[in-house]
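Open your viewer, set the cartoon to colour by secondary structure, and keep the selection box handy. We will go from stop to stop, and each stop tells you what to pick and what you will find there.

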Amino acid sequence: MSATDAAAPARSSRKIVLWRHGQTSWNLERRFQGSTDIELTEAGLAQARRSARLLASLKPDAIVASDLKRAAATAAELAAVTGLPVTHTEALRETYAGEWQGLTHEEIVEKYGEQYAAWKRGEPVRRGGGELETEVADRAAPVVLDHTERLPSTGTLVVVSHGGTIRTTIGRLLGLEAHAWESLGGLSNCCWSVLGEGARGWRLLEHNAGTLPEPVLGDDD
């Protein structure tokens with residue numbers, strides 16, 4: 001090993017697991033939840049218990065979660081398995097969507113068709129008079145990074161949040177333009193995405209996963 005190698009700092013390889021909450025009754029009814037505080041169904045609780053057992057094997061170092069009931073209850077299952085405390089924060093809540101909240105997908109398209117179409121095109125839209133996606137990223141991404149910076153160099157943070165908030169946070173951490181965030185597909189209930197710290201910043205290792213991440217074997221190192 002050369003003197004230059006010896007002097008080089010060890011490269012950090014931290015990971016962020018962004019885990020969506022379990023199923024709710026409004027998920028089943030395709031109602032836009034937003035910041036409405038909806039609890040898990042029994043099936044959602046079972047999803048959280050199953051996923052928690054898998055994620056516990058990653059030996060996470062910290063858990064941070066939205067304070068809404070569906071995310072907090074999901075996080076509690078991982079806390080029960082790992083013994084880790086959960087830090088709850090409003091910053092990880094789902095997007096506030098004003099008049100859209102509580103409406104079904106069909107009702108949103110019927111009542112707010114032009115607004116919905118503009119949003120799907122990637123335009124900045126205050127859905128139902130609520131938050132812009134960039135504003136969600138503005139509040140959520142810094143909290144995720146703050147908790148990540150407290151990890152050891154090979155540590156893992158589990159973030160328990162909501163589909164929209166997770167997508168905007170991933171988009172921000174990957175440095176994608178906001179209009180491209182929709183290219184990140186949605187997360188199923190109690191599935192997760194994994195970001196890994198690389199030499200050039202964060203990169204997406206797993207998306208909408210329901211099983212443990214497998215190492216990449218090959219040339220992409």
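Start by selecting strand β2, residues 62-66, together with β3: the two run parallel and are joined by 4 bridges. Strands here are DSSP E runs of at least two residues, helices are H or I runs of at least four, and both are numbered from the N terminus. This is a predicted model, in which local features need pLDDT of at least 70 and side-chain atom pairs count only at pLDDT 80 or more, while totals for chains, interfaces and linings use all residues. Residues are numbered from 1 along each chain as its sequence is written, and side-chain values use heavy atoms, with hydrogens and water left out.

Now show two cross-strand partners. I63 sits opposite V86 in β3, and A65 faces H88 in β3. Add α4 to the selection, and you have a right-handed β-α-β unit made of β2, α4 and β3. Right-handed means that, with the strands pointing away from you, the path from the first strand over the helix to the second runs clockwise.

**The whole sheet**

Which order do the strands follow in the sheet? Select them across the sheet as β3-β2-β4-β1-β5-β6: these 6 strands form an open sheet with mixed pairing. Two strands count as paired if DSSP finds at least two bridges between them. At the edges are β3 (86-89) and β6 (201-209), each pairing on one side only. Ignoring direction, neighbouring strands of this sheet are turned by 20° against each other on average.

**Helix α7**

Next, pick α7, which lies across β1 (15-20), β2, β3, β4 (156-161) and β6 and runs at about 155° to β4. Contact means heavy atoms within 4.5 Å. For the angles, axes are lines fitted to C-alpha atoms, over the stretch in contact in the case of helices, and values run from 0 to 180 degrees between N-to-C directions.

Try a distance check on residues 133-149. The 17 residues of α7 should span 24 Å at 1.5 Å a residue, and its end C-alpha atoms are indeed 24 Å apart. The expected span is 1.5 Å times one less than the number of residues.

Colour the buried residues of α7: E133, V136, A137, R139, A140, A141, V143, V144, H147 and T148. Buried means under 20% relative accessible area, exposed means over 50%, and partly exposed lies in between (1.4 Å probe, protein chains only).

Zoom in on T148. Its relative accessible area is 1%, so T148 counts as buried. Leaving aside neighbours within four places in sequence, T148 is in contact with R14, I16, L157 and W202. For a longer ruler, draw a line from T148 to V81: they are 67 residues apart in sequence and 21 Å apart in space, C-alpha to C-alpha.

**Helix α8**

Select residues 163-173. Is α8 largely enclosed or open? Of its 11 residues, 10 are buried, so α8 is largely enclosed by the rest of the structure. Those buried residues pack against β1, α6 (113-120), α7, β4, β5 and β6. Just after α8, click on G175, which takes a positive phi of about 80°.

**Salt bridges**

For the last stop, show the charged side chains. The structure holds 15 salt bridges, each being a side-chain nitrogen of Lys or Arg within 4 Å of a carboxyl oxygen of Asp or Glu.

- Select R30 and E106: their closest N and O atoms are 3.5 Å apart. R30 is in the loop between α2 (25-28) and α3 (42-56), E106 is in helix α5 (residues 105-111), and the two are 76 residues apart.
- Select E39 and K69: this salt bridge has its closest N and O atoms 3.7 Å apart. E39 is in the loop between α2 and α3, and K69 is in helix α4 (residues 69-82), 30 residues apart. K69 is partly exposed at 40% relative accessible area.
- Select D67 and R93: their side chains meet at 2.7 Å, N to O. D67 lies in the loop between β2 and α4 and R93 in the loop between β3 and α5, so the pair ties together parts that are 26 residues apart in sequence.

Finally, select E29, R31 and E107, which salt bridges with shared partners join into one network.
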